[in-house]
Amino acid sequence: MTEPIIKFDKVVKKYGTHVVLDELDFDVKPGEKVTIIGPSGSGKSTVLRILMTLEEISSGVIHVDGEPLWHEERNGTLKPASEAHLKKMRAKLGMVFQQFNLFPHMSVMRNITEAPINVLKLPKAEARDRAEQLLKMVGLTEHAHKFPSQLSGGQQQRVGIARALAMRPKIMLFDEPTSALDPELVGEVLNVIGSLAAEHDLTMLLVTHEMRFAREVSDRICFFDRGKVKEQGTPEQIFSNPKEARTREFLKAVLEG
Amino acid sequence: MLFGFSWDTSHGELAFAISILPILLMGLVVTIEASIAGFAVAMVLGLIFAVLKGAPSRFISWPATFITEFFRDTPLLVQLFFLYYVLADHGVILPAFLTGCLALGVQYSAYTAEVYRAGIEAIPKGQREAARALDFSARHTFTHIILPQAVPRVIPAFGNYLVSIMKDVPVLSVVTVLEMLGVAKIIGDQTFDYLVPLTMVGGIYLILTIVCSGIVRYVDMSLPKTGIPLK
């Protein structure tokens with residue numbers, strides 16, 4: 001039995017009195033591809049944002065790669081994490097955003113190399129080599145010199161994926177990566193994510209509404225409802241034989257919608 | 001006689017106007033110099049205040065807010081007298097021109113700080129989130145992600161303040177800076193003809209501000225809207 005690379009232990013996230021994550025317990029094994037589905041407001045994006053340290057937790061403990069994410073162990077007790085600890089932990093994770101969030105004033109090449117050069121202190125030539133390999137992987141070699149505004153949404157999101165991968169994270173987080181795209185551009189992005197899932201032992205955590213795609217690439221599907229994992233299992237179990245009435249209702253609405 | 005030029009008062013108003021034009025233009029040079037120097041101070045000081053006002057710690061942001069409010073809500077003339085006379089009483093003697101530029105810069109830094117802040121806050125939240133996800137330091141995020149995108153957005157507002165500063169330069173004449181209005185007044189005092197020099201000052205100011213607004217508009221149009229490009 002391998003240790004989970006991500007472990008949520010009774011994690012609560014509140015905005016004022018509104019509870020987004022309700023004593024969430026949730027594990028991901030190394031190399032596992034997990035898709036989180038669920039109605040809007042069920043806390044699925046929040047899970048990714050908390051992992052990327054974009055949002056703090058209200059209570060509970062999260063372990064990533066054997067270490068507490070939002071805490072530090074000092075004298076045997078858990079204390080809130082320092083910025084230095086968060087910085088170290090963030091290096092394990094990469095994130096792809098719904099709105100791409102590319103830097104509009106930087107060329108595609110610079111978008112990808114900026115962090116490796118300035119954060120990882122990679123030599124420029126090495127960062128460029130790495131970026132070129134990644135651009136080849138996402139099929140955008142000829143667009144290296146362009147600026148994000150000169151690319152289609154699908155191309156921009158592929159740059160977003162390459163940019164996150166350039167930091168060599170152990171865990172990739174995809175937050176609705178195709179939700180902002182025109183329907184005809186969804187496929188090219190899913191293809192890249194799909195081949196990434198098939199060819200690498202990256203741990204992947206994906207929030208999406210693309211049910212067919214989730215079924216193809218995921219080892220496990222988690223259905224979130226009201227800040228908890230309501231039901232989880234293999235894609236086969238969840239899509240063909242969901243046990244919970246809530247899951248059936250959701251899938252019916254999504255698949256027939 | 002002023003700056004080595006003498007005026008012609010005996011051949012009608014046109015000849016008078018032509019004779020004092022070079023003198024006024026000498027004053028104009030001082031006006032432009034003071035405007036640019038004051039503007040430069042306001043740009044630099046404003047950025048510093050903008051950063052301090054946005055600091056996460058209240059011990060920094062509140063004093064910064066208080067100081068800029070103080071600068072903004074007290075008259076330029078009071079600040080100018082303070083720098084020129086009060087500091088001199090305490091042994092800090094600054095040349096009149098330098099004092100004037102400092103006073104202009106300090107007063108306008110309160111406004112430019114707000115412009116910077118507005119520009120910085122207009123950057124979509126996702127830019128900061130992406131920078132955080134990629135683990136950029138706060139400093140690198142500010143200098144390489146936020147600022148290059150914020151600056152082109154705020155250029156038009158800065159241009160308006162440059163024009164405002166220009167129009168405030170005559171205030172410096174009260175601490176003996178010989179800018180254009182001060183020069184015109186001296187000519188008036190000595191020739192008893194105020195109409196011609198003051199009308200000319202008004203006209204020159206009009207041309208100056210129109211030209212400046214044009215330059216600002218041109219700069220604004222030729223700026224990349226997505227930020228200062230980094231290849």
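**Exercise 1. The interface**

How much area do chain A and chain B bury between them, and what share of it is on carbon and sulfur atoms? Work it out for this predicted model, then describe the side that chain A contributes.

*Solution.*

Step 1. Start with the area: chain A and chain B together bury about 2,200 Å². Carbon and sulfur atoms carry 58% of it.

Step 2. Look for the residues of chain A that lose the most area to chain B. They are A:Phe103, A:His105 and A:Arg110, which together make up 27% of what that side buries.

Step 3. Turn to contacts. On chain A, 29 residues are in contact with chain B, and 22 residues of chain B take part.

Step 4. Add the polar side of the picture. Nine residue pairs are in polar contact between chain A and chain B, counting pairs with both residues at pLDDT 80 or more. The elements of chain A that give two or more residues to this side are helix 2 (83–90), strand 8 (93–96) and helix 3 (108–118).

Step 5. Sort that side of chain A by class: 16 residues are nonpolar, six are polar and seven are charged.

Step 6. Finish with the salt bridges. The rule finds three across the interface of chain A and chain B. One of them can be checked by hand: the side chains of A:Lys87 and B:Asp135 are 3.7 Å apart, N to O, and the pair qualifies because the cut-off is 4 Å.

**Exercise 2. The build of chain B**

Find how many helices and strands chain B has, then give its extent and burial.

*Solution.*

Step 1. Count the elements: chain B has eight helices and zero strands. Read from the N terminus, the order is α-α-α-α-α-α-α-α.

Step 2. Take the C-alpha trace of chain B along its principal axes; the spans are about 75 × 45 × 25 Å.

Step 3. Check burial and contact range. Of its 231 residues, 45% count as buried. Among contacts in chain B with a separation of 6 or more, 74% join residues 24 or more positions apart.

**Exercise 3. Aromatic pairs**

Classify the ring pairs B:Tyr84 with B:Tyr85 and B:Tyr111 with B:Tyr161.

*Solution.*

Step 1. Get the overall tally: there are 12 aromatic pairs over all chains.

Step 2. Take B:Tyr84 and B:Tyr85. Their ring centres are 5.1 Å apart and their planes meet at 80°, an edge-to-face pair. B:Tyr84 is partly exposed at 22% relative accessible area, and B:Tyr85 is also partly exposed, at 41%.

Step 3. Now B:Tyr111 and B:Tyr161. The centres are 5.5 Å apart and the planes are at 35°, so this pair is tilted.

Step 4. Place the second pair in the fold. B:Tyr111 sits in helix 4 (residues 96–121) of chain B and B:Tyr161 in helix 6 (residues 138–168), so the pair ties together parts that are 50 residues apart in sequence. Both count as partly exposed: B:Tyr111 has a relative accessible area of 25%, and B:Tyr161 has 22%.

Step 5. Look at chain A as well, where A:Phe8, A:Phe26 and A:Phe224 form one aromatic cluster.

**Exercise 4. A threonine in a loop**

Is A:Thr208 buried or exposed? Describe its surroundings too.

*Solution.*

Step 1. Locate A:Thr208: it is in the loop between strand 10 (203–207) and helix 7 (211–217) of chain A.

Step 2. Decide on burial. Its relative accessible area is 2%, so A:Thr208 is buried.

Step 3. List its contacts, leaving aside neighbours within four places in sequence: A:Thr35, A:Ile36, A:Ile37, A:Thr178 and A:Ala214.

Step 4. Look at its side chain, which has a polar atom 3.0 Å from the backbone nitrogen of A:Glu210.

**Exercise 5. Positive phi**

Compare the settings of A:Glu176 and B:Thr176.

*Solution.*

Step 1. Recall the background: most residues other than glycine have a negative phi.

Step 2. Read off the angles. A:Glu176 has a positive phi of about 45°, and B:Thr176 has one of about 75°.

Step 3. Find the loops. A:Glu176 lies between strand 9 (171–175) and helix 6 (183–199) of chain A, while B:Thr176 lies between helix 6 and helix 7 (180–191) of chain B.

Step 4. Close with accessibility: A:Glu176 is buried at 11%, whereas B:Thr176 is exposed at 55%.

Note on methods:
Residues numbered from 1 in each chain as written. Chains lettered and ligands numbered in written order. Predicted model: local features only at pLDDT ≥ 70, side-chain atom pairs only at ≥ 80, totals over all residues. Heavy atoms only, no water. Contact = heavy atoms within 4.5 Å. Buried area = accessible area lost by both parts, 1.4 Å probe. Polar contact = N/O pair within 3.5 Å; in protein donor to acceptor, adjacent residues only side chain to side chain. Helix = DSSP H or I, 4+ residues; strand = E, 2+ residues; numbered from the N terminus. Nonpolar A, V, L, I, M, F, W, Y, C, P; charged D, E, K, R; others polar. Phe/Tyr/Trp six-rings, centres within 6.5 Å; stacked < 30°, edge-to-face > 60°. Buried < 20%, exposed > 50% of the residue type's maximum accessible area, 1.4 Å probe, protein only.
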